[in-house]
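Please open the structure in the viewer and keep the sequence panel visible. The tour proceeds by selection, one stop after another.

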Amino acid sequence: MQGLRDPFNRKPYTWRCIDPDLLGFYKKAIALRNSTDCLKTGDFNILYADNDVLVYKRQINKAKDVFGKPSQNGAAVCCINRSGETRRISVEIEQETTQNLTGVLSGAVIWKKSKTIEIELKGFEGEVYIG
């Protein structure tokens, strides 16, 4: 996409210039969303939003999604660091964690501490933790 004026702004996307690593990342993220009910139709709750970091949880309880339709129970904690610096944060969650959670995209680990999870994100990094 070139951002040109009409009529050139209607040209098709130049697929030969695509970054294969970025394309792979998006394919993996799309497959994760399509295979995880809570990422598609779970409740949305912001757990942390400060210092260029956003952490939110998508969750399905009692086998019903946000639309009241039958769905598989599950939860996902999604984290985004839009700064260029590594950020380490503590986030309070409703229930106590019983185990460390491993991230789906990078393999990073959330460390449990009672009702608090500690997250470290490198600059411009995102992660999804499924539990």
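Begin by selecting E127, which belongs to strand 8, residues 126-130. The model is a predicted one. E127 is buried and yet forms no salt bridge. The nearest side chain of opposite charge is that of K28, at a distance of 7.6 Å; a salt bridge would require a side-chain nitrogen within 4 Å of a carboxyl oxygen. Now add L105 to the selection: its backbone nitrogen lies 2.8 Å from a polar atom of the E127 side chain. To display the surroundings of E127, select the residues that it touches, leaving aside those up to four places away in sequence: V77, C78, C79, G103, V104, L105, S106, G107, A108 and L121.

Next, move to helix 1, residues 20-35. At the start of this helix, select D19 and D21; a side-chain oxygen of D19 comes to within 2.9 Å of the backbone nitrogen of D21. Then consider the helix from end to end. How far apart are the end C-alpha atoms of helix 1? They are 22 Å apart, which agrees with the span of 22 Å expected for its 16 residues at 1.5 Å a residue.

The following stop concerns aromatic rings. How many aromatic pairs does the structure hold? There are 2 aromatic pairs. Select F25 and Y26 to see one of them: the ring centres are 5.5 Å apart and the planes meet at 75°, so this pair is edge-to-face. An angle over 60 degrees is what places a pair in that class. F25 counts as partly exposed, at 39% relative accessibility, and Y26 is partly exposed as well, with a relative accessible area of 47%.

Select F44 and Y56 for another pair. Here the ring centres lie 4.9 Å apart and the planes stand at 40°, so the pair is tilted. This pair links distant parts of the chain, for F44 is in strand 1 (residues 43-50) and Y56 is in strand 2 (residues 53-60), 12 residues apart. Is each ring-bearing residue buried or partly exposed? F44 is partly exposed, with a relative accessible area of 47%, whereas Y56 is buried, at 18%.

For the last stop, select S114, located in the loop between strand 6 (109-113) and strand 7 (116-121). S114 has 46% relative accessibility and therefore counts as partly exposed. Add E92 to the selection and compare the C-alpha positions: S114 and E92 are 22 residues apart in sequence and 9.1 Å apart in space.

Notes
Residues numbered from 1 in each chain as written. Predicted model: local features only at pLDDT ≥ 70, side-chain atom pairs only at ≥ 80, totals over all residues. Heavy atoms only, no water. Helix = DSSP H or I, 4+ residues; strand = E, 2+ residues; numbered from the N terminus. Expected span 1.5 Å × (residues − 1). Polar contact = N/O pair within 3.5 Å; in protein donor to acceptor, adjacent residues only side chain to side chain. Buried < 20%, exposed > 50% of the residue type's maximum accessible area, 1.4 Å probe, protein only. Lys, Arg positive; Asp, Glu negative; His and termini not counted. Contact = heavy atoms within 4.5 Å. Phe/Tyr/Trp six-rings, centres within 6.5 Å; stacked < 30°, edge-to-face > 60°.
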